[in-house]
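User: I'm new to this one. Can you walk me through it?
Analyst: Sure. Let's put it on screen and start.

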Amino acid sequence: MTETTQAPPKPDESKKPDEQHLEDKDVAREVERIVRETPVFDVHTHQYPPSFRKLFSAGIDDLVTYHYLIAELFRSSAVGVDAFWSMSKPEQADLIWDTLFVRNTPLSEACRGVVCVMSAYGLDPHAPDLKAAREFFEFIEPNDHLEQAMRLAGVSDMVMTNDVFNPEEAAYWESGAARHPKLHAALRMDPLLNSWEQASETLSRRGYQATRDIDDSAVSSARRFLDDWIERMKPLYMAVSLPAEFRYPDDSARTKVMQDIVLPTGREHNLPFALMVGVRRAANPTLRDAGDSVGYADVSSIGRLCRENPDNRFLASILSRENQHELCVTSRKFANLMPFGCWWFLNNPSIIREITDERLEMLGATFIPQHSDARILDQIIYKWQHSRYTIAASLTDSYRALLRDGWRLTSDQIESDVTRLFQNNFRRFAGVAV
Ligand code: HDL
Ligand code: ZN
């Protein structure tokens with residue numbers, strides 16, 4: 001059957017420009033403008049305020065030794081892992097720069113990201129070495145650096161990843177180190193859910209007596225521990241990274257910790273629980289942080305969590321591309337489930353496009369399209385520039401299809417939808433002022 005294409009309605013001259021109905025030929029330009037200009041709430045990052053000095057990561061050496069690039073180095077260099085790990089960070093960065101950016105074309109997403117960041121700062125990505133880039137970053141005051149990177153990235157707010165079990169991070173919080181008004185806390189609790197034995201020892205060491213059995217006393221100690229950290233950090237959500245093998249419910253300690261400790265804490269403090277599922281830790285341990293991989297997760301476990309806990313809200317980011325369609329369908333079944341971002345190995349234009357298309361088709365504008373997951377401050381510039389480009393293309397096709405079906409589209413509608421995707425879906429879900 002030939003598709004009949006109605007002539008798009010002429011713009012109504014009597015209406016104000018923003019009430020004019022867009023013609024098909026104008027949609028792409030208008031969507032790109034609005035996506036570019038709408039600041040984004042970055043709901044998952046590994047950023048810290050500059051006052052958390054040892055944890056604050058920015059500048060060219062950190063950028064070039066990002067664990068994604070370390071993994072890629074070994075595919076193009078004969079250097080051994082032991083030799084690499086014995087190098088200083090500048091030496092590692094010099095080797096990665098020469099290998100991936102000078103001797104080879106920086107075609108991968110992670111390499112292209114460094115090129116994007118350098119261009120954004122006016123640095124030459126064709127430089128034969130990192131001398132000029134190091135001089136550029138050397139004298140940027142960290143707070144100014146943070147403001148400049150957020151401005152260039154179009155990021156209004158960032159949610160951190162605050163590992164309360166990490167003694168170095170805990171020390172900064174307990175010292176009262178200055179926070180940044182635009183960097184919000186997330187209470188990350190991987191040991192509590194993935195290694196109760198280790199967590200119970202940490203709890204006991206910190207004065208929250210807990211045995212290896214998850215008995216009433218241990219539950220009470222762990223709840224008090226979380227209460228104290230929630231009081232200290234005022235997090236927007238609780239979070240955990242779970243392995244591909246995660247199942248709910250099962251007869252593991254994890255299910256008991258979820259049911260007796262984490263979910264009641266979420267209800268009491270009205271905090272969402274962010275599930276990041278599908279990691280296969282240390283697939284190649286010699287690569288350290290770069291050695292983690294991906295596994296197919298069980299999305300029905302997330303559905304059971306949502307069904308059995310209607311008074312809890314769940315954010316979910318799943319690592320395997322093959323899980324994304326089922327996450328969309330499950331999100332249609334449970335309004336207390338908010339899919340967010342294209343995480344880690346999914347944070348590539350080709351996959352962001354596929355995931356955003358199916359989310360728009362199945363969820364409308366009711367999801368959180370992206371997070372940067374940025375470990376190094378300057379990465380937010382490329383991660384958001386690249387994601388905005390792809391999200392705009394996906395939205396444009398959705399709006400053009402809507403026009404074909406007879407809808408009349410205005411810029412106001414697009415602005416409302418993009419603000420919802422980039423800001424208000426998260427703000428409402430996390431109870432942050434809209
Ligand atoms: O667990 C996480 O939050 C992941 O994002 C890891 O930090 C991972 O190593 C990463 O950096 N992904 O981009
Ligand atoms: Zn992360």
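Analyst: His 46 is buried, and Asp 373 is buried too. Keep in mind that this is a predicted model.

User: Which residues coordinate the zinc ion?
Analyst: His 44 and His 46 do so through NE2, and Asp 373 through OD. The distances run from 2.0 to 2.1 Å. The zinc ion is ligand 2.

User: What spacing do those donors follow along the chain?
Analyst: The pattern is H-x1-H-x326-D. His 46 and Asp 373 link distant parts of the chain, 327 residues apart. His 46 sits in the loop between β1 (40-42) and α2 (60-64). Asp 373 sits in the loop between α16 (349-363) and α17 (379-404).

User: On to ligand 1. Which residues are around it?
Analyst: Among them are His 44, His 46 and Asp 373. The list also includes Tyr 66, His 67, Tyr 68, Arg 188 and Met 276. Arg 281, Trp 343, Trp 344 and Arg 375 are there as well.

User: How far is the polar side-chain atom of Arg 375 from an oxygen atom of ligand 1?
Analyst: That distance is 2.8 Å. His 46 also has a polar side-chain atom 3.1 Å from an oxygen atom of the ligand. For His 67, the distance from a polar side-chain atom to a ligand oxygen is 3.1 Å.

User: And how much of ligand 1's accessible area does the protein cover?
Analyst: The protein covers 97% of it. On its own, ligand 1 has 330 Å² of accessible area.

User: New topic: helices. How many residues does α12 have?
Analyst: Helix α12 has 18 residues, 216-233. From first C-alpha to last, α12 reaches 26 Å. That is close to the 26 Å expected at 1.5 Å a residue.

User: Which residues in α12 are buried?
Analyst: Ala 218, Val 219, Ser 221, Ala 222 and Arg 223 are among them. So are Phe 225, Leu 226, Trp 229, Ile 230 and Met 233.

User: What do the buried residues of α12 pack against?
Analyst: They pack against two strands, β3 (162-163) and β5 (186-188). The helices they meet are α9 (167-175), α10 (190-194), α11 (196-205) and α13 (253-269).

User: What follows α12?
Analyst: Lys 234 does. Its phi is positive, near 50 degrees.

User: Back to α13. Where does Thr 265 lie?
Analyst: Thr 265 is part of helix α13.

User: Why does Thr 265 count as buried?
Analyst: Its relative accessible area is 0%, and buried means under 20%.

User: What does Thr 265 touch?
Analyst: Arg 223, Leu 226, Asp 227, Ile 230 and Met 238, leaving out residues up to four places away in sequence. The side chains of Thr 265 and Arg 223 share a polar contact of 3.1 Å. The Thr 265 side chain also reaches the backbone oxygen of Ile 261, at 2.6 Å. Remember that Arg 223, Leu 226 and Ile 230 are buried in α12.

User: What about α14? Which of its residues are buried?
Analyst: In α14 (residues 299-308), they are Val 299, Ser 301, Ile 302, Gly 303, Leu 305 and Cys 306. These buried residues pack against α13 and α15 (324-333). They also pack against β7 (273-280), β9 (314-318) and β10 (337-339).

User: Let's try a strand. Where is Val 294?
Analyst: Val 294 is in strand β8, residues 293-294.

User: Why is Val 294 called partly exposed?
Analyst: Its relative accessible area is 33%. That falls between the cut-offs, because buried means under 20% and exposed means over 50%.

User: What is Val 294 in contact with?
Analyst: Gly 278, Arg 280, Leu 319, Ser 320 and Phe 345, setting aside neighbours within four places in sequence.

User: And Ala 282, where does that lie?
Analyst: Ala 282 is in the loop between β7 and β8. Ala 282 is partly exposed, at 42% relative accessible area. Not counting residues up to four places away, Ala 282 touches Gly 291 and Asp 292.

User: Last one. Which helix holds Gln 148?
Analyst: That's α8, residues 142-153. Gln 148 is partly exposed, with a relative accessible area of 25%. Beyond neighbours within four places in sequence, Gln 148 is in contact with Tyr 121 and Ile 140. Gln 148 and Ile 381 are 233 residues apart along the chain, and their C-alpha atoms are separated by 9.8 Å.

Technical notes: Residues are numbered from 1 along each chain as its sequence is written. Chains are lettered from A and ligands numbered from 1 in the order in which they are written. This is a predicted model: local features need pLDDT of at least 70, side-chain atom pairs count only at pLDDT 80 or more; totals for chains, interfaces and linings use all residues. Side-chain values use heavy atoms; hydrogens and water are left out. Helices (H or I, at least four residues) and strands (E, at least two) are DSSP runs, numbered from the N terminus. The expected span of a helix is 1.5 Å times one less than its number of residues. Buried means under 20% relative accessible area, exposed over 50%, partly exposed in between (1.4 Å probe, protein chains only). Contact means heavy atoms within 4.5 Å. A residue is near a molecule or strand if one of its heavy atoms lies within 4 Å of it. A polar contact is a pair of N or O atoms within 3.5 Å; within protein, one must be able to donate a hydrogen and the other to accept it, and residues adjacent in sequence count only if both atoms are side-chain atoms. Accessible areas come from the Shrake-Rupley method with a 1.4 Å probe; for residues, only the protein chains shown count as cover. Donors are N, O and S atoms within 2.8 Å of the metal (3.2 Å for Na, K and Ca); water is not among the atoms, so sites may look incomplete.
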